[in-house]
Amino acid sequence: MAQDKKLVEQITSMDEDFAKWYTDICTKADLVGYTSVKGCMIIRPYGYAIWENMQRILDARFKALGHENVYMPMFIPESLLNKEKDHVAGFAPEVAWVTMGGAEKLTERLCVRPTSEVLFCEHYADIIKSYRDLPKLYNQWCSVVRWEKTTRPFLRSREFLWQEGHTMHATAEEAVAETVQMLNVYADFHEKDLAVPVVRGRKTPSDKFAGAEDTYAIEALMHDGKALQSATSHYFGDGFARAFDIAYTDKDNKLVHPFQTSWGCTTRMIGGIIMTHGDDRGLVLPPAVAPVQVVIVPIAAHKEGVLEKAAALRDALKNAGIRVKMDDSDQSPGWKFAEYEMRGVPVRLELGPRDIENGQCVAVTRFDGQKRFLALDGVEKAVAELLVAVRDGMYEKALANRERRTYVCHDLEEVKAALTHGDGFIKGMWCGDEACEDKVKAETGVGSRCIPLEQEDLGPVCMCCGKPARHMVLWAKAY
RNA sequence: CGAGAUGUGGCACAGCUUGGUAGUGCGCUUGGUUCGGGACCAAGAGGCCGCAGGUUCGAAUCCUGUCAUCUCGACCA
């Protein structure tokens, strides 16, 4: 039909070509624009508004837990970066360097921060002298640069926006507790606000952050069955503190090193939302971060009283704290329906002469296309409830997709058989040997994503080598 | 970084083989008619053909280089 044909012209079907579908959404929903530098994207107003909503929610939670925001420089002298050897070895291949200042060659080249551990450490060495100075709970919102070879909007860009928390604690227990607490903040944000189900877990040693003792992460499963690491939280022990001479005098008048964490999440989460909730009509945004939560489309706007009623509806919702937009442009209603579906607006309200006569409006929820009538009397409350129901419905839908694509496997043949049904999460036991991780990856294509905090006993032996198993691991292809 | 594909008004593409006035559709602007799922008619605007060299009387077209985008692989705290 004509309508279907039009949709196909606009957005590539996700079943046909998921990668193309993804980039189509990024550009057609006005989230990003490309620039002349590879991997450096413009985050357009609609995309940036999503990020601002994420920032607002997370920032409030960080602060409620006692964290303070700071800002560190974007340049790191080479000698400073080199102080912790595992750290520099991990990042050296992908840092960008500044070697000139104007026409002068710099005596020491400066790296554009790929992450700011070393800057925080240098500063902490200055300001932590006594047990009274602990804990230090700092966070910064900034951009970082990593010279990636393969780039994709939001998922892997050379410069990206993020938040990095860096904390110092008197004891290892307290630092571990902070690491887990922040992992839980991220998990809760994903599940409650983004409606993205996640698995909390620990990275295997081969996949740890450079310089970390333990790396925790949350893993989400995208619509195509590939995993996306959506946030991480690291426990550093006192390794950096020793490398950077961060020491303080404790209550017993002894000089000791503090224990450290860092944790971060990025604009990659926007990519996660797109690939978790999106469909062939475009983006589907969770209400908590949608720049526009409700769009009002007046029908037959030229008719007496329609625009006035629509404006009154808009004002009522606005006063109730709902992010609402009324589109009274001269585009046809059908055009507007398609446009706001592509942009992922969670709820559309239609108001026409017939509705006004009946004292109602039509409400359509984006994620499932369901239509219903809402009485104009008390509409604010009904819409607020609908937005909550939309979040719940989106979460259930995403969870069902994850469940459908999660397989329990006991050996590599089962893994290969499972993957013939499509990509997804593989739950399988592991002996703890890195050689098995490599072999699983080489033979089946799935890598270890994490050791879930919620362990299940799927059997006594490693699914790769048959030796005694130590952990249940979540395996998947990943972005 | 390796292999492949692609760069032509805002978008999608044709033209390139065989060098000779830069095209089509959508979108955009204006006017009118429309308005409950991407409306219609009419008029109009908009392009150093990714960039740089070369070959040629003449290059979107042929050659070389380079940059970017996409796909697959390697890498990826």
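The points below concern a predicted model of chain A with RNA strand B.

1. Overall build. Chain A contains 15 helices and 23 strands, and its C-alpha atoms fill a box of roughly 80 × 55 × 50 Å along the principal axes. The radius of gyration is 25 Å, which agrees with the value near 23 Å for a compact globule of 479 residues. Buried residues make up 41% of the 479 residues, and of the contacts in chain A with a separation of 6 or more, 68% are between residues 24 or more positions apart.

2. Domains. The assignment divides chain A into domain 1 (2–277), domain 2 (294–387) and domain 3 (406–476). Taken over C-alpha atoms, the centres of domain 2 and domain 3 are separated by 48 Å.

3. Nonpolar cores. The largest nonpolar core has 96 residues, and within this core Tyr186, Ile218 and Ile296 have the most contacts. Helix α13 (residues 379–404) gives the most to this core, contributing eight residues. Apart from it lies another core, of 22 residues, with Ala212, Tyr235, Phe240 and Ile246 among them.

4. Surroundings of Ile296. Leaving aside residues up to four places away in sequence, isoleucine 296 touches Ala310, Leu313, Arg314, Val324, Met326, Leu349 and Leu351. Ile296 is also one of the residues with the most contacts inside the largest nonpolar core, so a check of side-chain placement in the model could reasonably look at this list of neighbours.

5. Helix α9. This helix, residues 268–277, is mostly covered, with ten of its ten residues buried. The buried residues include Arg268 and His277, as well as Met269, Ile270, Ile273, Ile274 and Met275. What covers the buried residues of α9 includes the helices α2, α3 (45–64) and α13, together with the strands β10 (214–221), β11 (227–237) and β14 (259–266).

6. Surface near RNA strand B. There are 44 residues around RNA strand B, of which Ala19, Lys38, Ala210, Gly334 and Gly352 come nearest. Two or more residues each are given to this surface by α1 (2–10), α2 (18–28), α11 (333–342), α12 (353–358) and β18 (360–365). The largest share, eight residues, comes from α11. By class, the surface near RNA strand B has 19 nonpolar, 13 polar and twelve charged residues. Helix α2 therefore appears both on this surface and among the elements that cover the buried residues of α9.

7. Backbone geometry at Pro135. Leucine 134 and proline 135 are joined by a cis peptide bond, with omega about -5°. Proline 135 has its place in the loop between α6 (117–127) and β7 (136–145).

8. Positive phi at two alanines. Alanine 195, which is not a glycine, has a positive phi near 60° and is placed in the loop between α7 (172–193) and β9 (199–202). Alanine 300 likewise has a positive phi, of about 50°, and lies in the loop between β15 (294–298) and α10 (306–319). Are these two alanines buried or exposed? Alanine 195 is buried, because 27 other C-beta atoms lie within 10 Å, whereas alanine 300 is exposed, because 12 other C-beta atoms lie within 10 Å.

Note on methods:
Residues numbered from 1 in each chain as written. Chains lettered and ligands numbered in written order. Predicted model: local features only at pLDDT ≥ 70, side-chain atom pairs only at ≥ 80, totals over all residues. Near = placed C-beta within 6 Å. Helix = DSSP H or I, 4+ residues; strand = E, 2+ residues; numbered from the N terminus. Nonpolar A, V, L, I, M, F, W, Y, C, P; charged D, E, K, R; others polar. Rg over C-alpha atoms; globule rule 2.2 N^0.38 Å. Buried ≥ 20, exposed ≤ 12 C-beta atoms within 10 Å, placed from the backbone. Contact = placed C-beta atoms within 7 Å. Core = buried A, V, L, I, M, F, W, Y, C linked by C-beta atoms within 7 Å. Domains from an automatic or database assignment.
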